[in-house]
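Trainee: I have a model open and would like a close look at a single part of it. Could you walk me through that part and then connect it to the rest?

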Amino acid sequence: KMIKELKGAILVISGPSGCGKSTLLKEIYKSIPNYYFSISTTTRALRGEEEDGVDYNFVSQEEFEKDIKDDKFLEYAKVHNNYYGTMLQPIIKALNDGKLVIFDIDVQGHKILRKKLGNLITSVFITTPSLKILEQRLIARDTDTTEMIQKRVENAKIEIESFTDYDYLIVNDNIHKAIKEILAIANIARAKTKIFDKKSIVENWINS
């Protein structure tokens with residue numbers, strides 16, 4: 001019932017590390033005033049420049065497990081001995097406020113959200129033109145160890161198999177073109193949910 005009343009929209013963005021997601025997300029933030037970026041809650045320790053409440057909500061394992069018991073997560077998973085999850089409450093608030101809720105999550109997370117929130121979701125998978133280019137970008141970025149890069153590349157090979165589960169695919173070979181595409185998709189996500197409020201739309205149209 002709760003989900004039916006919501007006025008916002010959800011945009012899910014997935015894609016391997018190095019595909020240019022963060023650059024494209026920054027463009028959405030610049031161009032779309034009324035958005036809410038969903039930050040994950042995690043039990044892992046802060047790294048480097050990270051800030052609590054900006055990069056993640058950092059909590060203790062006890063706290064996280066209590067929230068699982070209390071059904072406070074939309075989705076959660078355990079990765080390398082740490083929990084990661086999406087709290088339901090802030091999402092519902094943002095949707096009720098008519099915001100575009102943006103998720104940057106992996107293909108597993110997308111599957112779960114699709115199941116739970118179905119037609120509120122518009123999703124896009126972002127990738128490089130080829131695996132080789134992805135590898136080159138990761139090496140050029142110079143933020144990961146060689147071992148980590150290999151891991152990311154292997155992971156990308158698995159993730160690419162799922163791109164057909166998404167509404168849209170962006171092959172990011174030209175950043176200007178990719179920016180235009182991501183903004184078009186974000187605006188479509190917005191427009192799509194207006195369809196759900198049929199009753200008030202019809203009444204307004206007749207009476208205005």
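Trainee: In which helix is the place of Ile-188?

Mentor: Happy to take a look with you, and please keep in mind that this is a predicted model. Ile-188 sits in helix α7, which covers residues 175-194. Its relative accessibility is 36%, so Ile-188 counts as partly exposed, falling between the 20% limit for buried and the 50% limit for exposed. Now follow the chain back to Leu-11: Ile-188 and Leu-11 are 177 residues apart along the chain, yet 9.7 Å separates their C-alpha atoms.

That pair leads nicely to the wider contact pattern. Of the contacts in the protein between residues at least 6 apart in sequence, 68% join residues at least 24 apart. The fold around helix α7 is built from eight helices and nine strands in total. Of the 208 residues, 38% are buried, and the protein exposes about 12,500 Å², with carbon and sulfur atoms supplying 54% of that area.

For a contrast with Ile-188, turn to His-110 in helix α4 (residues 107-117). His-110 has a relative accessible area of 1%, so this residue is buried, the limit being under 20%. Leaving aside residues up to four places away in sequence, His-110 touches Val-12, Ser-14, Ile-105, Ser-123, Asp-165 and Tyr-166.

Charged side chains are worth a visit too, as the whole structure holds 12 salt bridges. One of them pairs Glu-50 with Arg-44, with 2.8 Å between the closest N and O atoms. Glu-50 has 19% relative accessibility and therefore counts as buried, and Arg-44 is buried as well, at 6%. In another salt bridge, Asp-67 meets Lys-72 at 3.9 Å, N to O, a distance that still falls within the 4 Å cut-off. Here Asp-67 is buried, with a relative accessible area of 11%, whereas Lys-72 is partly exposed at 40%.

Glu-154 and Lys-157 give you a salt bridge inside a helix: their side chains meet at 3.2 Å, N to O. The two are three residues apart in helix α6 (residues 146-159), so about one helical turn separates them. Glu-154 is partly exposed, with a relative accessible area of 39%, and Lys-157 is partly exposed at 39% relative accessibility. Finally, have a look at Arg-141, Asp-144 and Arg-152, which are linked in a network of salt bridges.

Note on methods:
Residues are numbered from 1 along each chain as its sequence is written. This is a predicted model: local features need pLDDT of at least 70, side-chain atom pairs count only at pLDDT 80 or more; totals for chains, interfaces and linings use all residues. Side-chain values use heavy atoms; hydrogens and water are left out. Helices (H or I, at least four residues) and strands (E, at least two) are DSSP runs, numbered from the N terminus. Buried means under 20% relative accessible area, exposed over 50%, partly exposed in between (1.4 Å probe, protein chains only). Contact means heavy atoms within 4.5 Å. Accessible areas come from the Shrake-Rupley method with a 1.4 Å probe; for residues, only the protein chains shown count as cover.
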